[in-house]
Amino acid sequence: MTAALDHPIGPNTIDDWLAADAPADGGRLELIWGYWVVTPPPTGQHQWATDTLCHSLRQAVRAAGRSDLFPVTGIGVEISTALRTALIPDVAVLNRRPVGTNFPADALELVVEVWSPGNSRSERETKLAAYAGAGVPFLWEVADGKLRACRLEGGRYMEEPLAGSGLVRVTGAPVPVDIDLGELAP
């Protein structure tokens, strides 16, 4: 007697993801547990927040005199070959020069996800768990113009409270970052 296996990991691999063409409409193709996840092109509001955060991170890296950190947007990250997961964070701070299109998870010091109303709770939780499992030290989430900064501790992201509104100093990052929270929405 044989039993069919119902395995949660889908049929696609990191190699399939690396060989796949990007959606022609500017959407993003990610791989979560072996299954394709295609998101539509980002909205203007989404891109505004992404660009604002990347700019603030670049300024902070320069101010800290760190020539070993590189804030970038929209790069591919190979999270886990075994779990067949590859993501495209909205912003990432790399610990190596941003040469190429895809990077291993150990190249990440910080990831930023700017959530849209269409992102399901399950997708958000899965991505956060994937980044934590890959050992990404810092993670930021932006939703509804609000920033949540987290530091990885004991395999889980712990939120670092932000004091006030307007211009705040975020310490849940590879270097302290000054961000005007009012600038996250156009």
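A residue counts as exposed when its relative accessible area is over 50%, and as buried when that value is under 20%, with partly exposed in between. Keep those cut-offs handy, because Pro-161 clears the exposed one at 75% relative accessibility. What you have here is a predicted model, with 186 residues. Its secondary structure comes to three helices and 13 strands.

**Overall build**

- The radius of gyration is 17 Å, which agrees with the value near 16 Å that a compact globule of 186 residues would have.
- Along the principal axes, the C-alpha atoms take up a box of roughly 65 × 30 × 30 Å.
- Buried residues account for 42% of the 186 in the protein.
- Take the contacts between residues at least 6 apart in sequence: 51% of them join residues at least 24 apart.

**Surface and charge**

- About 9,900 Å² of the protein is exposed, and 53% of that comes from carbon and sulfur atoms.
- On the charge side, there are 15 positive and 23 negative side chains.
- The centres of those two sets of charges sit 5 Å apart.

**Helix α2**

- This helix covers residues 44–63, so 20 residues in total, and its span of 28 Å from first to last C-alpha is close to the 28 Å expected at 1.5 Å a residue.
- Its buried residues include His-46, Ala-49, Leu-53, Cys-54, Leu-57 and Val-61.
- Those buried α2 residues pack against five strands: β3 (70–73), β6 (91–94), β8 (108–114), β9 and β13 (177–180).
- Thr-52 also belongs to α2, and it is buried because its relative accessible area is 16%, with the cut-off at under 20%.
- Setting aside neighbours within four places in sequence, Thr-52 is in contact with Glu-183 and Leu-184.
- Right after α2 comes Gly-65, with a positive phi near 70 degrees.

**Helix α3**

- Helix α3 runs over residues 121–133; at 1.5 Å a residue its 13 residues should span 18 Å, and its end C-alpha atoms are indeed 18 Å apart.
- Among the buried residues of α3 are Glu-123, Lys-127, Leu-128 and Tyr-131.
- Gly-135 follows α3, again with a positive phi, near 80 degrees.

**Loops with an unusual backbone angle**

- As background, most residues other than glycine have a negative phi.
- Arg-84 is not a glycine, yet its phi is positive at about 50 degrees.
- You'll find Arg-84 in the loop between β4 (76–80) and β5 (85–87).
- Arg-84 is partly exposed because its relative accessible area is 26%, which falls between the 20% and 50% cut-offs.
- Asp-144 is another non-glycine residue with a positive phi, near 55 degrees.
- The loop holding Asp-144 connects β9 (138–143) and β10 (146–153).
- At 76% relative accessibility, Asp-144 counts as exposed, the cut-off being over 50%.

**Pro-161 and its loop**

- Pro-161 is in the loop between β11 (156–159) and β12 (167–170).
- With 75% relative accessibility, Pro-161 is over the 50% mark and therefore counts as exposed.
- Pro-161 and Gly-172 are eleven residues apart in sequence, and their C-alpha atoms are 9.1 Å apart in space.

Terms used. Residues are numbered from 1 along each chain as its sequence is written. Side-chain values use heavy atoms; hydrogens and water are left out. Helices (H or I, at least four residues) and strands (E, at least two) are DSSP runs, numbered from the N terminus. The radius of gyration is taken over C-alpha atoms; the globule rule is 2.2 Å times the number of residues to the power 0.38. Buried means under 20% relative accessible area, exposed over 50%, partly exposed in between (1.4 Å probe, protein chains only). Contact means heavy atoms within 4.5 Å. Accessible areas come from the Shrake-Rupley method with a 1.4 Å probe; for residues, only the protein chains shown count as cover. Lys and Arg count as positive and Asp and Glu as negative; His and the chain ends are not counted. The place of a charge is taken as NZ of Lys, CZ of Arg, CG of Asp or CD of Glu.
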